[in-house]
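Open the model in your viewer and keep the sequence panel in sight. The tour goes from one residue to its chain, and then to a pair of domains in the other chain.

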Amino acid sequence: MATLRHDGEESPAPVATALHVTTPRRRWRRWLLNAVLYAGLVIVAVFCLMPFYFMLSGSLMDRGEMFRIPPRFWPEKLIFENYRAIFQQFSFLTYLRNSIIVSVAQTLGVLFFCSLAGYVFAKRRFPGRNALFIFVLATSMMPNGQTTIIPFYLLMVKFNWIDTFWPLIVPWWAPPLSIFLMRQYIAAGIPDDLIDAATVDGSGLFGTYWRIVLPLSVPGLVVIGVIQFIAIWNDFLYGLLVLKSEEMRTVTVALTELSRRTQASTLYGPLFAGIVMATLPTIILFFIFQRRLTQGILSGAIRG
Amino acid sequence: MEHVERLQVSPIERPRRRSRGRLAEIARHWPEYLCIAPFFVIFAVFFAYPIGWAFVLSFQRWDGITEARWVGLDNYRFVLNDPVTHRVFTNIIRYLLILVPLGVFLPLAFGAILNLPFLRFRGVFRTILFIPVVTSLVVVGIVWRLLFGTANGWLNGLLAHVGLGPYNWLKDPALAQIPIVSLTIWGTVGFSTLIVLGGLQAIDQDLYDSARVDGASGWQTFWHITLPLMRPVIVFLLITSTIGVITLFSQPYVVTRGGPANHTLTPLLHIYNIGIGTSGAPRIGDATALSFLLTAFMLVVVFAQLWLVRRRGEE
Amino acid sequence: MTGNRYSRRQVMTTGAGLAGLLALGPKGIAQASPSARSAVLRALAQEQITLDVFVHLNHPFDNVKPLFEEKYPNIILNMLGNNDMAVFRATLAAQGEGTPDIFWPEIDVVQELGKSGVLLDVTDIVTKHKDELAPGKMQECYISSTDKYAAFPGDIATVGIYYREDLLEQAGVTIPDEWTWDDYIEAAKEIKGKTGAASFNLPTTGDFWTSVLWGYFLYQLGGAVTNADGTEITLDDDKGIVAMEMVKKVYDADISIDEVPVEENFFAAIAAGQVAACPLPVWFRNFGIEPSVTDEQSGQGYWRVTLLPTIDGGVSRTANFGGAAIASTNYTQHPDEVKLFMEFALGTMEGATACGEWGILPPYLPYLQSEAWSSVRSPAFGDFAFNDVWTQAVEQYVGTWYKQPVFGEAMIEVGAAMIPMLNGEVDIPTGMREVGDRIRELNKRYQG
């Protein structure tokens, strides 16, 4: 398997060498090609980054300025009031804490349950394995969450889980797609010999998982973990539904609430500051794990 | 697909076909079943049960408060004849026609470009392209609304510098899909590009070398080597972007709220609106009926696509 | 200061606290109604009660809360800062699990939930105050099928013309005592030509906000979306068509701001001096004008308000836009305390004053005739006594504007259907007939 062989950064494909024949005409054409390429890439990069610029710019404006006609692109005078407001008027630190609790608890569960199931589906034989695995995959085609909001809520009431974090954590511990990806990763990334050797040494299923599979799956787990963490961090629908009290709200729920208030007139500044503060953690997380994440995806951890 | 075939060939234990009963065989493998049990328990409790409940509700009239009443297929009849249903499916087909080709070709193009070995700053561009993926589309949607404002929107402000506009982005039915489409592309293209890059880098370089020896042009190598080998990735992009479009929710929920005149309303947003009663008594029966129709629609589209790409692959 | 207005029993119900109780003695307690008695007994026991108040952030009740809690130290108001109806409905579907004690529903929601019998019956406190409450608003809270009041009257969302005297003067426009909408449109064209400023708000979003203007005209004509009990759809009758033709006149004259009135973009237009006049609800002063009007460009000190122009065959010089009521459900654990709060917030001078100062129009007539109401001033309006105009509007607030459960969806559908009618792609009688038939079909789904 071509899994970890290629590094995204330093693997020049040999196709390129063919282009390196240098005649003046070719050189000119190449220059033109480069110019078009870089110009295109810069435009795309600007498109990708522009919303972040406006987020930041808006968060530093007072409210009159943000909606000025014609629009302003950068505040005349930098105002940090909005940031103070979200931390003082709104308990943004609490929202952040809640988001972290939910995201971490859910991610850890996903990593454990999905790698365990992925390992069993990849490396163990037992009756009905294929049928069960296909069933797991098929469930990802089931109707979406918006359909079942009312039944889901009623179920949460029966469990006495309203205004707790459980509805945002437990139901999402075993997403079929993550099980599928872990299975693919373990099937390709962990040699059978290793597992056989452990089995010969008398290691049970769980022991093998814990001592062999889990440590060797770390690159795949990082990819799935980061993606999962970001997905939960950004989820809002269920939080909106089950989190009732102010001190239980997660960041996205609080911001969605804030943005939909009819009385939003004076809150756009803090809202934008909140948007910056909500976006920052995932971007930081991305930069921390950037190498592992991109390489994990590049090396096929996510591919079918 | 590839992974299904591979299932058959990863043996740890040699098959021991003894004439033991199947039940005993199953009992012997209890640890395996225990390890995969969490998925099935969670699925049964939190998904299958509510979905089954929703299916029952699709044959009832219920506002969430008073006693539910059986109405047979009346909800399906109403929903199928409802002009708003026709509107949302027209919209979703239009989104499919725009977003699925973009969702497949843009990542392929970006992936191919970012894979060019002579390109400098590849890592930087790749990172920039990926950053939007980690944001919440609901949260960024708030920014998008302001970006696409009419008199004081930032985009119109920029366009005014080159003498264009002002455009009524959020209120002109001909334009209102642009904010939704651009937000969707913005938020997803980085991830798809990375997958394409992964696919391109997994292609065995020897194939290119031998193709060059045979005198194949760059275009021919692309057409006869790259594209066929990228088929699984393309199918993946096709299916994921199709499902993503059919379940579009957050973007119209924040950016246009379905307007103008329902021209950006998606089935899921409509289901949410009528099912939860954002502007009247909840019509839970209609909402659930529509959601099962939507699921059927999704299955038909996805299987039609799978069928199409499979046939082409076998030629 | 208002104590002399109450009978002794009312002092009891409005809970004078421990000192008053001791003065009255056990006899007073025995005389009080059962509900008042239990409230009083709880007050005696000093049992702490928390009422969850499900209203949006920055609400008139924020002003009422400190006054109420001071008067009833054993009751704490927990302002949830959230009024998402989806959440609220989910709690109802869960048989009251997590349902807040007090909420602030729109009138069509009151009618819908009232019909289904889930709302706390507040007939006793409404009838007790019936001479002090605006009749049009009381009518909105009355459920004909059960012959009960399902909510206590909230803010009266009358509509008038907010305008800028400076811009009108600049355009040479003076407002006569009597004028028709046609006169207004002519004046608006004049204003637009001279100052460039708009005189209407007509968002072409094709949703609820688009149909608001049509709703104003329909209201003035004495029409409504449905009949009184919601069994028939009347929006496409002659009145509906005339109202839509009026909107088309406005649209064709190109004198409107194309922004949703409750959004920042419209406020920005006000701030930029692009709005000379606009038919808007009373609550818009605190909501959109005060925050946007801060300087000369936005007309600080020159804002005024007047009644709506007349319409041919019309019955009123005001209209309606929004206007909630205060309600509770049968699931509340503290119905007596809930009623206590309802009465205090909107049926006493103290509560009504607090709400009125926030910027809504409370239904409590003694307050609307008081100096406290009349003397409210704001920087945008200079020394102008805007509330006197609103008191006149309340007199014209008719009770035939029925907001039955289908109202919300009907207004959205009309808004969507308006776009082709305004563009001239569909002629108005046909367009109205089509949307009427569609709503008729939809309305069947609301009838049990």
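Start by selecting A:Phe87, which counts as partly exposed because its relative accessibility is 31%, a value between the 20% bound for buried and the 50% bound for exposed. Keep in mind at each stop that the model is predicted.

Next, show the ribbon around this residue. A:Phe87 sits in helix H3 of chain A, which covers residues 81-88.

Which residues does A:Phe87 contact once neighbours within four places in sequence are left aside? Select A:Phe92, A:Leu93 and A:Met277 to display them.

Now add A:Leu137 and draw a distance between the C-alpha atoms. A:Leu137 is 50 residues from A:Phe87 along the chain, and the two C-alpha atoms are 43 Å apart.

Zoom out to the whole of chain A and colour by secondary structure. Chain A contains 14 helices and zero strands, so the ribbon can be followed from the N terminus as a run of α elements. Then colour chain A by burial: of its 304 residues, 57% are buried. A contact map of chain A is a useful companion here. Taking the contacts with a separation of 6 or more, 72% join residues that lie 24 or more positions apart.

Move on to chain B and give its domains two colours. The domain assignment places domain 1 at residues 1-57 and domain 2 at residues 79-313 of chain B. A line drawn between the C-alpha centres of these two domains of chain B spans 34 Å.

Select the residues where the two domains of chain B meet. On the domain 1 side there are six residues in contact, and on the domain 2 side seven. The area buried between domain 1 and domain 2 of chain B is about 460 Å², and carbon and sulfur atoms give 75% of that area.

Which helix gives the most residues to the side of domain 1 of chain B that touches domain 2 of chain B? Select helix H3 of chain B, residues 30-57, which supplies four residues. By type, the residues on this side of domain 1 of chain B are five nonpolar, one charged and no polar.

As a last stop, look for polar links across the same boundary. The rule finds zero salt bridges between domain 1 and domain 2 of chain B. The count of residue pairs in polar contact between these domains of chain B, with both residues at pLDDT 80 or more, is also zero.

Definitions and conventions
Residues numbered from 1 in each chain as written. Chains lettered and ligands numbered in written order. Predicted model: local features only at pLDDT ≥ 70, side-chain atom pairs only at ≥ 80, totals over all residues. Heavy atoms only, no water. Domains from an automatic or database assignment. Contact = heavy atoms within 4.5 Å. Buried area = accessible area lost by both parts, 1.4 Å probe. Salt bridge = Lys/Arg side-chain N within 4 Å of Asp/Glu carboxyl O. Polar contact = N/O pair within 3.5 Å; in protein donor to acceptor, adjacent residues only side chain to side chain. Nonpolar A, V, L, I, M, F, W, Y, C, P; charged D, E, K, R; others polar. Buried < 20%, exposed > 50% of the residue type's maximum accessible area, 1.4 Å probe, protein only.
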